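User: Could you walk me through the ligand site here, starting with what you mean by a pocket?

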Amino acid sequence: MTMILVTGSTGQLGRAILSQLSGRGAPAIGSSRSGAGGTRILDFDDPAGLTLTGVDTLLLVSAGEAEDDVVIARHEAVIAAAERDGVTHVVYTSLAGDGDHLAFALAHRWTERRLRRSTPSWTILRNGLYAELFGSLLPWSGQRLTSAFGDGALAAVTRDDLAEAAAIVAAVPEVHAGRSYDLVGRPITAHEVAERLGATLSDITLAERRVQLDGAGLKPFQPAMLMSIHTAVAHGFLARTGPDLAELLGREPADALAVAAAAALASAPEGFDGRGA
Ligand SMILES: NC(=O)c1ccc[n+]([C@@H]2O[C@H](COP(=O)([O-])OP(=O)(O)OC[C@H]3O[C@@H](n4cnc5c(N)ncnc54)[C@H](OP(=O)(O)O)[C@@H]3O)[C@@H](O)[C@H]2O)c1
């Protein structure tokens, strides 16, 4: 029987992938840095401790919340371990093809290149930006939503759809060997999110958004990363949809607007009197 290992399974995407795989009866285990919840301990920052023996299919969830040199070293370490330990196939969660202008694109594209010359066979899942993320990037100012996305649309996709697509691929990796899928959803705008919530939305400039982010106590790399999302969406670079997600799922993608609205609603001020998501 083949064994699938899902990295980052303490995270939101990895956990959902693992749950999808177990729902399909696929033999899968998860890994994390801490070993929390019975996961196998795999810390990409500790190359000497990376062991993938017994793993046939590695579902490598990007560990992207860091500077490029750190992310690239992590992904190099885990791909090298997969080669050494005889992993047959690596599925990697990358970034949508239209995401090249984003500050975190480089580490994804580096990893794609590295996989293309690795010894295991591979599948690249070029994930669009999460609907959950889009909704969370619309901060409240009193009872109003604010947005620096202007009229720009994002071909947003729900985490659960991405998890299901990843599980579908990992369950029969040989069918998807050497393939790259662009997993983007239907374009949604900040104004549509506000309308869905019955909220008033105030447009703010990129400069005003940067001031908010600079004062938010983020990690040093995060403001630039988030600003790159704002300018790319605002200027129409992430609006394009495509057929790959629906084809892999065998159904239409979930309602990304509803999920983005729910994410925005989660941080609504007490007493927000919109219509609800
Ligand atoms: N498409 C999008 O909109 C979008 C948005 C945000 C992030 N992302 C990318 O997609 C990935 C998954 O998203 P998510 O929502 O599941 O993020 P998440 O909930 O923050 O989970 C991140 C996972 O990465 C693991 N990780 C971090 N550093 C690691 C390391 N050095 N070695 C091994 N594992 C490590 C974490 O494991 P531990 O429990 O061990 O910390 C955690 O399980 C993120 O890591 C990021 O690269 C995509």
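Analyst: On a 1 Å grid over the protein atoms alone, a pocket is an open set of points where a 1.4 Å probe fits, with protein on both sides within 12 Å along at least five of seven lines, and its lining residues have an atom within 4 Å of a point. A molecule sits in a pocket if more than half of its atoms lie within 2 Å of its grid points. The model is predicted: local features need pLDDT of at least 70, side-chain atom pairs count only at pLDDT 80 or more, and totals for chains, interfaces and linings use all residues. Residues are numbered from 1 along each chain as its sequence is written, and side-chain values use heavy atoms, with hydrogens and water left out.

User: Ok, so what takes up the largest pocket?

Analyst: The ligand takes up that space, and the largest pocket holds about 1400 Å³. It is lined by 48 residues, and Ser62, Ala63, Gly64, Glu65 and Tyr130 are the closest to its centre.

User: And which residues are closest to the ligand itself?

Analyst: The ligand is surrounded by 22 residues (a heavy atom within 4 Å), of which Thr10, Leu13, Arg33, Ser62 and Tyr130 are the closest.

User: Which atoms of phenylalanine 44 and arginine 159 lie by the ligand?

Analyst: For phenylalanine 44, a backbone N or O atom lies 3.0 Å from a ligand nitrogen, whereas for arginine 159 a polar side-chain atom lies 2.9 Å from a ligand oxygen.

User: How much of the ligand's accessible area does the protein cover?

Analyst: Of the 880 Å² that the ligand has on its own, the protein covers 81%, by the Shrake-Rupley method with a 1.4 Å probe.

Terms used
A polar contact is a pair of N or O atoms within 3.5 Å; within protein, one must be able to donate a hydrogen and the other to accept it, and residues adjacent in sequence count only if both atoms are side-chain atoms. Grid points are joined across faces, edges and corners, and a volume is the space filled by probe spheres set on the points.
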